[in-house]
Amino acid sequence: MNAIMEHHPSAPVIPLSVARNPGPLRGSIRVPGDKSISHRALMLASLASGRTVVTGLLEGEDVLRTADAMRALGATITRETDRWVIEGKGVGALNEPDDVLDMGNSGTAARLLSGILSSHAITSFMTGDASLRSRPMRRVTQPLSANGACFATRHGEKLPMAIIGTGEAAPIAYRLPVASAQVKSAILLAGLNATGRTKVEEPVATRDHTENMLRHFGVEVEVGLTPTGGRIITLQGPARLAARDVVVPADPSSAAFPIVAACLVPGSEVRLPGIGLNPLRTGLFTTLREMGASLEIENERIEGGEPVGDLVVRASALQGVDVPANRAPSMIDEYPVLAVACAFANGTSRLRGLEELRVKESDRLSATVALLKANGATVRVEGDDMIIEGRGGAEGLGGGLVETRMDHRLAMSAIVFGLAAEKPVMVDDTGFINTSFPGFVSLMTALGAAL
């Protein structure tokens with residue numbers, strides 16, 4: 001990505017990245033493997049008995065941190081050309097790590113691994129980068145403490161954190177106060193080495209990759225519905241995982257960025273093969289169609305227990321949309337780039353129930369508002385709702401500097417804004433993009449993006 005230098009006499013020199021309107025985006029690109037499934041594939045394969053081969057694994061920094069952590073816990077993990085081979089240790093057989101487990105920028109890895117570590121009779125220490133160290137861990141440590149594990153954190157329940165696991169883990173029964181696939185998954189993973197029935201009730205359905213992959217590895221997982229539309233997930237422990245090969249589909253959250261860019265840049269047509277179509281991950285696709293986007297799915301199929309298809313996206317005139325709060329779990333990572341789409345749409349959009357955005361890699365709610373305002377969009381927050389007054393096109397938009405706050409999705413959303421806007425958009429830091437989408441710049445450039 002080309003960089004420019006902005007200098008003011010009283011300020012330090014800061015390297016900036018720039019995205020500008022390139023003309024139509026055209027071509028076919030395969031986005032990286034699904035990050036959520038990649039984390040889980042490495043963790044569950046490491047807990048399985050036997051040899052698992054994983055293809056399509058996302059090789060971003062977040063997932064590589066998970067691989068390093070599972071190696072430190074005793075699994076043998078090797079990369080062989082286009083596949084990863086994992087020799088698992090078995091549930092209950094993880095080694096005590098010799099050093100601190102550094103989870104980098106990955107909240108998913110930190111929270112899910114906390115569940116696994118809590119029910120093993122080992123002591124471990126976990127840290128992360130500056131962004132992850134600023135994020136609260138109480139939402140997982142509080143329920144996990146019920147199984148007998150002990151956690152010691154910094155002030156504010158933040159990393160670094162010591163985890164003293166228990167070899168006699170009690171099963172946990174917990175009702176999530178806020179829908180969270182990470183917290184649900186941490187509790188279920190803790191239950192693999194507990195004696196008895198672990199049960200998690202969620203107020204609305206969240207990503208079910210953990211349940212799907214547990215079944216793929218031979219664990220019986222029961223799912224029931226509550227009268228209010230939530231779900232109760234139950235598993236019996238201790239459980240034995242049998243090694244099974246995994247095919248990781250392309251990540252729908254990563255696909256969100258070229259999809260929205262293709263919708264917004266006139267004359268664009270982009271094909272994205274092999275995208276994961278799990279219905280608990282496709283809220284953005286539903287929302288974009290409601291806005292009038294031309295988004296077609298071809299060649300639908302099942303790979304690795306997950307629905308997959310090829311997406312064809314064409315430039316469209318978008319309309320404002322009212323997104324219900326109960327859709328948030330199926331598109332929680334896509335709200336920043338959806339907000340960008342709404343800024344270019346015709347009419348008012350209201351994105352409801354975004355409280356979960358406050359505890360992501362950054363406070364994504366306030367950061368997304370700042371991104372839009374810096375580039376001429378009209379936006380406000382009412383409670384946990386974001387209201388955006390769309391311009392109905394690119395006129396008057398862009399020209400600002402976006403502070404990404406070490407958040408990869410904000411950086412990519414800012415780039416999408418710049419590709420569609422009348423004026424270029426400057427981005428203060430794009431280094432964090434590799435945590436979730438390695439090769440983002442080269443893939444977008446291959447479509448014709450001006451970066």
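Is Met406 buried, partly exposed or exposed? I open with that residue and then move through the rest of the model, which is a predicted one. At 30% relative accessibility, Met406 counts as partly exposed. Met406 sits in the loop that runs between strand 23, residues 401-402, and helix 12, residues 408-420. Its backbone is the reason for raising it: Met406 has a positive phi of about 60° although it is not a glycine. As background, most residues other than glycine have a negative phi, and most peptide bonds are trans.

Glu157 also has a positive phi of about 60° without being a glycine. Glu157 is placed in the loop between strand 9, residues 150-154, and strand 10. With a relative accessible area of 28%, Glu157 is partly exposed, since the range for that class begins at 20% and ends at 50%.

Let me stay with strand 10 and turn to the peptide bonds. Leu159 and Pro160 are joined by a cis peptide bond, with omega about 0°. Pro160 belongs to strand 10 itself, which covers residues 158-164. A cis bond also joins Gly237 and Pro238, again with omega about 0°. Here the proline falls in a loop: Pro238 lies between strand 14, residues 231-237, and strand 15, residues 246-247.

That brings me to strand 14 and its partners. How many of the seven residues of strand 14 are buried? Five of them are, so the strand is largely enclosed by the rest of the structure. Strand 14 pairs in the antiparallel sense with strand 12, residues 196-202, over seven bridges. Within that pairing, Gly196 stands opposite Gly237 of strand 14, and Gly237 is the residue joined to Pro238 by the cis bond. Strand 14 also pairs with strand 13, residues 221-225, in the antiparallel sense and over five bridges. There, Glu222 has Thr234 of strand 14 as its bridge partner. Strands 13 and 14 form a hairpin with five residues between them, and Gly229 in the turn has a positive phi of about 95°.

I now come to the annotated positions. The UniProt record, an unreviewed entry, places the feature "binding site" at Lys35, Gly107, Arg135, Gln182, Arg364 and Arg409. Where do these positions fall in the model? The lining of the largest pocket takes in Lys35, Gly107, Arg135, Gln182, Arg364 and Arg409 from this set.

Two of these residues deserve a closer description. Lys35 lies in helix 1, residues 35-47. At 7% relative accessibility, Lys35 counts as buried, because the cut-off for that class is under 20%. Arg364 lies in helix 11, residues 364-374, and is buried, with a relative accessible area of 0%. Which residues is Arg364 in contact with, leaving aside its neighbours within four places in sequence? They are Asp333, Pro336, Leu357, Asp407, His408 and Arg409. Among these contacts, Arg409 is itself one of the positions annotated in the UniProt record.

Next, the aromatic rings. A search of the whole structure finds three aromatic pairs. One of them, between Phe257 and Phe440, is edge-to-face, at 6.4 Å centre to centre and with 80° between the planes. Phe257 lies in helix 8, residues 252-264, and Phe440 in helix 13, residues 440-446, so the pair ties together parts that are 183 residues apart in sequence. Phe257 is buried, with a relative accessible area of 1%, and Phe440 is buried as well, with 2%. Ring pairs link Phe257, Phe437 and Phe440 into a cluster.

I close with the protein as a whole. Its secondary structure comes to 13 helices and 24 strands. The radius of gyration is 22 Å, close to the 22 Å that the globule rule gives for 451 residues, so the protein is as compact as a globular protein of that length. Along its principal axes, the C-alpha trace spans about 60 × 55 × 45 Å. Buried residues make up 57% of the 451 residues. What share of the contacts with a separation of 6 or more comes from residues 24 or more positions apart? Such residues account for 75% of those contacts.

Note on methods:
Residues numbered from 1 in each chain as written. Predicted model: local features only at pLDDT ≥ 70, side-chain atom pairs only at ≥ 80, totals over all residues. Heavy atoms only, no water. Helix = DSSP H or I, 4+ residues; strand = E, 2+ residues; numbered from the N terminus. Buried < 20%, exposed > 50% of the residue type's maximum accessible area, 1.4 Å probe, protein only. UniProt positions renumbered as here; feature names shortened; annotations may be inferred. 1 Å grid on protein atoms, 1.4 Å probe; cavity = no way out; pocket = protein on both sides within 12 Å on 5 of 7 lines; lining within 4 Å. Contact = heavy atoms within 4.5 Å. Pairing = 2+ DSSP bridges. Phe/Tyr/Trp six-rings, centres within 6.5 Å; stacked < 30°, edge-to-face > 60°. Rg over C-alpha atoms; globule rule 2.2 N^0.38 Å.
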